[in-house]
Every structure is written in structure tokens, then in C-alpha cells.
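Visitor: I've never looked at this one before. Could you walk me through it, one question at a time?

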There are 2 protein chains.
Amino acid sequence: MMNLLLSQLSQGDFKRLEPYLKVTSFKQHSVLFEAEQEIKHVYFPTGAVVSLVVTLASGETVEAAMVGADGVVGASAALDGRISLSRGIVQLAGDIIICSIDGLKSTALQSPKLLSLLIRHEQTVYAQAQQSAACLAAHHVQARLCRWLLRARDLSGSDTLLFTQEYLAEMLAVQRTSVTIVAHTLQSAGLIKYARGKIQILDADGLQDGACECYSTVKRHYERLLGPAT
Amino acid sequence: MMNLLLSQLSQGDFKRLEPYLKVTSFKQHSVLFEAEQEIKHVYFPTGAVVSLVVTLASGETVEAAMVGADGVVGASAALDGRISLSRGIVQLAGDIIICSIDGLKSTALQSPKLLSLLIRHEQTVYAQAQQSAACLAAHHVQARLCRWLLRARDLSGSDTLLFTQEYLAEMLAVQRTSVTIVAHTLQSAGLIKYARGKIQILDADGLQDGACECYSTVKRHYERLLGPAT
DNA sequence: TACTGTCTGTATGATACCTTACATAACGGC
DNA sequence: GCCGTTATGTAAGGTATCATACAGACAGTA
């Protein structure tokens, strides 16, 4: 599987970027970078799914955005600033194409097409963050969980997701017991099936009915800016 | 008063941009653009303060970021995409320097300095959005109000702010009655004084003690990327 | 088989905030 | 000064979620 941004590059651009690329496998829960640290690499997931999370002084973490093979992590900071704004963690294990920030920046400044892709992609991530803000303020845990599962499914391309309720709780910024309750509800409704860290999505359409609008809003923004993600 | 981004441009860059600039006054609550619309202009506030808000299907609005003379609104979309991701509203009346998106884009592609400023600024807005997400998820109304008032004070440069509780409630994504209660508490504590849409900040340090970490986190991100805003 | 750690279920009281409703108070126009 | 409008205060019941605690179920290991 390839990364959707890289696959949109011209052959020439890709050749120019290629010397700086290196594929690496990451395990679930790996931390790619911490917030407010100098970053040295840019991450183009191919199989892995990465989340950008804010960490608060209390230790609590809140997810702002999720990126998979449809995007890139750290590109904006690579172009300028060079400091991460959030923590980047691997939600779902898989491969990531790592690129040096200097390689990306020099290539982007020579390739309007690449620069354009990065600028538009950055907007899709921004759109996710602002939608997360609205979602956390206005929507209930159950709708948020449905949204989250659908998003993880889209990015992983699989109906089986390896997440414990504990972990979901952290991502949704709620208590673990709250996740237990709504997960139970969703299972009773026949939408999902889960056991000990393994969640199967049985009825994606049903999940979408239960999800808040944020799922489709984020998708719409993405498709407008970068085309269908298939 | 000048815009902080524009004032960092070289004389040559500014001269190139100048033909596309036009100062306009905006009243409070003006809508600069709606979400998901084609944008034609970029906004450099000088006296005005602008908020970027997400509107949900329910009609509820949630603020993701606030920009004043320290920044620019719509620049990222101007560089590419050309579609707004959120609604832009004027929080506090004042002047805004309007620039055509074509003018900004062509100038930015010729001026690495301007492009760099825009890219770094975009990150400060992203940082606000993700912090808003965390804040809405984890922090109480009182701390959020303190944060919000301090931010509005910084951007307006004034200790007197013209906001009704109704309006504050919308920005904080809570009920008006909740604002009344915490505003009353803050007034009793001698931190603010308010009456019929006019809020005076009496003790900014006290407010900062009551505010959540998000206020200083956002400020720190900004200063790292663009220097002290003074 | 027993043991241990992890994951999930459930219960219970607390609480921040919602929702709705209505009362009071200030301002602006006439 | 009167009156409609807007802004703020307050009350009372409801609810989603928190916080904490503990119990049961499953998987891996010895």
C-alpha cells in the first residue's frame, strides 16, 4: 500500500524526494514525537494510523486529528517552525515512510505541486482539529465513539480494530467506564462486536447513523481539498 | 495600529503587496465568510478581532481560534484550496486590511519571507484549534471564561470588552445561565466588573490564576513561531 | 491446574452543566 | 416619564458524565 500524497507526485518530484525516504515499521502506541520538541522527520503513513494529541498538565490527553495513508504528519512544521505542536502517536501498527525535513522542504520549494499538496493537506488536519473542538463541546460520547470507529476504519481499511476500551477512553477524553457503557449499547444494537481489545465493525451504515455529523464533515473537507481518498 | 505580520515584511515585499490592500472598518458580529464557501479575500486585522467558529447542524457554534492584529485570517486557503473551513466573525469592531487572494498568493510565491510567515502563522491558528479541543473536553466553564477574556484582552489591547453574556455563552459553547453564574463569581472575586454588555478586566493576574493552562500554551506556541506579540 | 495480569461489567454517589421558566433591572426611543 | 427591548439574575429538576471501587471473565504463563 502506498501513501496517497506521495502517489500524487509527478515522477520527477518523487525521484527528487526518494533519496530522503525510508520505510519503517511502527508498533501500536509508539510515540513519533512529543509536543514542543524539535522535529527531524516527516511521516507519510502507508499502513499505520497516527493520531495527533494534545497533552494537558493533568496528564490527560485529547485527540485533535487522525492521519493515515491519506496524509502526512509534521509537514507544516518541516516547511517552517520545526517544532511539533502536539504529540504524535501510532494508533494502529503499520509502515510509515519517514522523510527528513530538509529533504521535504527543499523538494517542496522546487515543486509547486508538492507545496500545494502540503498546504491543502495541512488544511484537512486543521479542519479535523476544529471539528474535534466542536465535537467535544457538543456531542455525546456514543456519537463520538461511532465517529471515531468509522474514522479508524476508513484509515486502516479494516473492519477489525485493535483497541482496548481503556485506550478508546483516552482518545475520546472520557472515563473508561463511559466507553464500556456505550460500547455495550452499540454491541447490543448489533453495530459492533468486541472482546478484550479487539473491535469488529459489523454494521458501518448503522454506525454512521449513530455518529455525529463530524465524521462526514471532516470527510467532506478532505475530499474537497485533496479528492476522494478511496 | 498596524498588523503584526505585515509589519514584519521587507519594504520591497510590502510595496509589492500594497496595491492589493484596502482598509475597511467592520462592526461587531459582522460575518466575514461562511464555512465551505469560496473565499475571495484575506483579512489582516489591525484593530478588529476575528473568531473562527465551527457551526454545527444544530445551529450551535463553537469557537476554534481567535485572531487579531497578531495575525491573518484566510491566508492558508488563499495559497491553495480557496474554500473556507469555518465561519469568520468579527468579535470586536475595528479595522481590517483586506487583501485579494490572488495578490497574496502571487506575492507569497515570490517572497520566501512572506511565505514563511504565513506558514508559521497557520501553525499558530492550528495550535489554537487543537488547544480549544482539549480545553472544551477537559476544562470547566469558569477556567475557560478566564482564558477567553485574557485572550480577547491581549488581542484588543483594552481592558474593556463589549460582550454580552449571551454572546460569551455562544463562544464558550455553554448556556447563557452558566456564564451568568461564573461571571458573577469572577465579579465577586474582584477580577472583573460588568454591566449590560460591557466587561471590564480589573485584575488580569487574578484572571490568569483562574484560567486554564490553554491561555499560556497558545501564547507560548505563538511566540515560538512568530516572536513576542506585544 | 493454579496464578497473574489485563480487560470488561456494574454499582453508587457526586457534580458540572443543561433546560426551562420566570423575575428583575437597565437602556433607548418616543 | 413611559414602555418596549435587551441584559442579567435566579430557581428547580433533569441528565450526562465523573470518580471510585470492586467483581467477574478471559489470556498467557508456570
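Guide: Happy to; keep in mind that this is a predicted model, and what follows is a short round of questions and answers.

Visitor: Let's start with the DNA. How many residues surround DNA strand D?

Guide: Look along the strand and you'll find both chains represented. Among the closest residues are Ser178(A) from one chain and Gln165(B), Arg176(B), Arg196(B) and Gly197(B) from the other. Of the strand's atoms that come within 4 Å of the protein, sugar and phosphate account for 58%. The number of residues surrounding DNA strand D is 17.

Visitor: And how do those residues divide into nonpolar, polar and charged?

Guide: Four of the residues near DNA strand D are nonpolar. The others split into three charged and ten polar.

Visitor: Which element gives the most to the surface near DNA strand D?

Guide: Helix α7, residues 176–188, is worth finding in chain A and in chain B, as each copy supplies at least two residues of that surface. The top contributor brings four residues, and it is α7(B).

Visitor: How far is a phosphate oxygen of DNA strand D from an N or O atom in the side chain of Ser178(A)?

Guide: Polar contacts are counted within 3.5 Å, so a few phosphate pairs are worth checking against that limit. For the side chain of Gln175(A), the distance from an N or O atom to a phosphate oxygen of the strand is 3.1 Å. For Tyr194(B) it is 3.0 Å. For Ser178(A) the value is 2.6 Å.

Visitor: Now the two protein chains. How much area do chain A and chain B bury between them?

Guide: The size of an interface is often given as the accessible area lost when the parts come together. Here the contact takes 42 residues from chain A and 43 from chain B. Carbon and sulfur atoms carry 65% of the buried area, and the total is about 3600 Å².

Visitor: On chain A's side, which residues lose the most area to chain B?

Guide: Three residues stand out, and together they make up 20% of what that side buries. They are Glu36(A), Leu85(A) and Tyr126(A).

Visitor: How many salt bridges does the rule find across the interface of chain A and chain B?

Guide: One to look for joins Arg120(B) to Asp80(A), with the closest N and O atoms 3.4 Å apart. That fits the cut-off, because a salt bridge needs such a pair within 4 Å. Across the whole interface, the count is six.

Visitor: Which element gives the most to the side of chain A that touches chain B?

Guide: Several elements give two or more residues to that side, including β4 (49–55), β5 (61–67) and α9 (214–226) of chain A. With 17 residues, the biggest giver is α4(A).

Visitor: Back in chain B, how many of the eight residues of helix α6 are buried?

Guide: This helix covers residues 165–172 and is mostly covered. Its buried residues include Gln165(B), Tyr167(B) and Leu168(B). Just after the helix comes Ala173(B), with a positive phi near 60 degrees. The buried count for α6(B) is six.

Visitor: Last one: is Arg196(A) buried or exposed?

Guide: Find the loop between β9 (192–195) and β10 (198–201) of chain A, where this residue lies. Its phi is positive, near 45 degrees, in a residue other than glycine. The relative accessibility of Arg196(A) is 86%, so it counts as exposed.

Terms used: Residues numbered from 1 in each chain as written. Chains lettered and ligands numbered in written order. Predicted model: local features only at pLDDT ≥ 70, side-chain atom pairs only at ≥ 80, totals over all residues. Heavy atoms only, no water. Near = heavy atom within 4 Å. Polar contact = N/O pair within 3.5 Å; in protein donor to acceptor, adjacent residues only side chain to side chain. Nonpolar A, V, L, I, M, F, W, Y, C, P; charged D, E, K, R; others polar. Contact = heavy atoms within 4.5 Å. Buried area = accessible area lost by both parts, 1.4 Å probe. Salt bridge = Lys/Arg side-chain N within 4 Å of Asp/Glu carboxyl O. Buried < 20%, exposed > 50% of the residue type's maximum accessible area, 1.4 Å probe, protein only.
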